[in-house]
Amino acid sequence: MKLGFLTALYSNMPLKKVLELTRPLGLEAIEVGTGNYPGDPHAPLQELLKSKPKRDELLALVKSEGLIISALSCHGNPIHPDPETAQRADSIYRKTVQLAALMEIPVVNTFSGLPAGCQGDKMPNWVTCPWPPDFLEILEWQWNEVAAPYWREIGAFAASKGVRIAIEL
């Protein structure tokens, strides 16, 4: 096991400076954001997808500090009831998987996402208990009609690229 941290905590600083902060901590790995909620200040997704020299530069910088990139992070909500929000999160997720494959980074971290409570709702709905019985109907629809089908398909996509998914619930 290697200890590390998500650099998004220091998104206002250049990555070189962030990495210098890790020296006295004895950390061995970093996770960098590629978009959605963590943003991409240390791993600009589009730029890195287009440029092998930029990818090599990022990996060399991290290696020069004795670290590895353990994962890319693109936490978003790809099953959001707003189609535009969901599509944007899904697009960043898919591109992040492609980037992880190109850079031989084994894991992409993301959120499971949160769907609506039922078809036609406009906002995500998080049911936290099985009672009253209506809530079980909501959970049934969320899991079987939205979340599970999405993640089966997207998990297969990641596996086809040799990348594992870590879902932060």
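Okay, so let's start at Leu3, which is exposed at a relative accessible area of 51%, where exposed means over 50%, buried under 20% and partly exposed in between, with a 1.4 Å probe on protein chains only. This is a predicted model, where local features need pLDDT of at least 70 and side-chain atom pairs 80 or more, while totals for chains, interfaces and linings use all residues. Residues are numbered from 1 along each chain as its sequence is written, and side-chain values use heavy atoms, leaving out hydrogens and water.

Leu3 sits in the segment before strand E1 (4-6); helices here are DSSP runs of H or I with at least four residues, strands are E runs of at least two, and numbering goes from the N terminus. Beyond four places in sequence, Leu3 contacts Leu27, Glu28 and Ala29, contact being heavy atoms within 4.5 Å.

Now, helix H1, residues 15-22. Its buried residues are Leu15, Val18, Leu19 and Thr22. Why are they on the same side of H1? Because they cover an arc of only 95 degrees around the axis, taken from the directions from the helix axis to the C-beta atoms. Their cover includes E1, strand E2 (29-33) and helix H3 (52-64).

On to the largest nonpolar core, which has 32 residues: that's buried Ala, Val, Leu, Ile, Met, Phe, Trp, Tyr and Cys joined through side-chain atoms within 4.5 Å. Ile30, Leu58, Ile69 and Tyr93 have the most contacts inside this core. Helix H5 (133-160) is among the elements supplying at least two residues, and H5 gives the most, with 7. Ile30 touches, among others, Leu15 and Leu19, and those two are on the buried list for H1.
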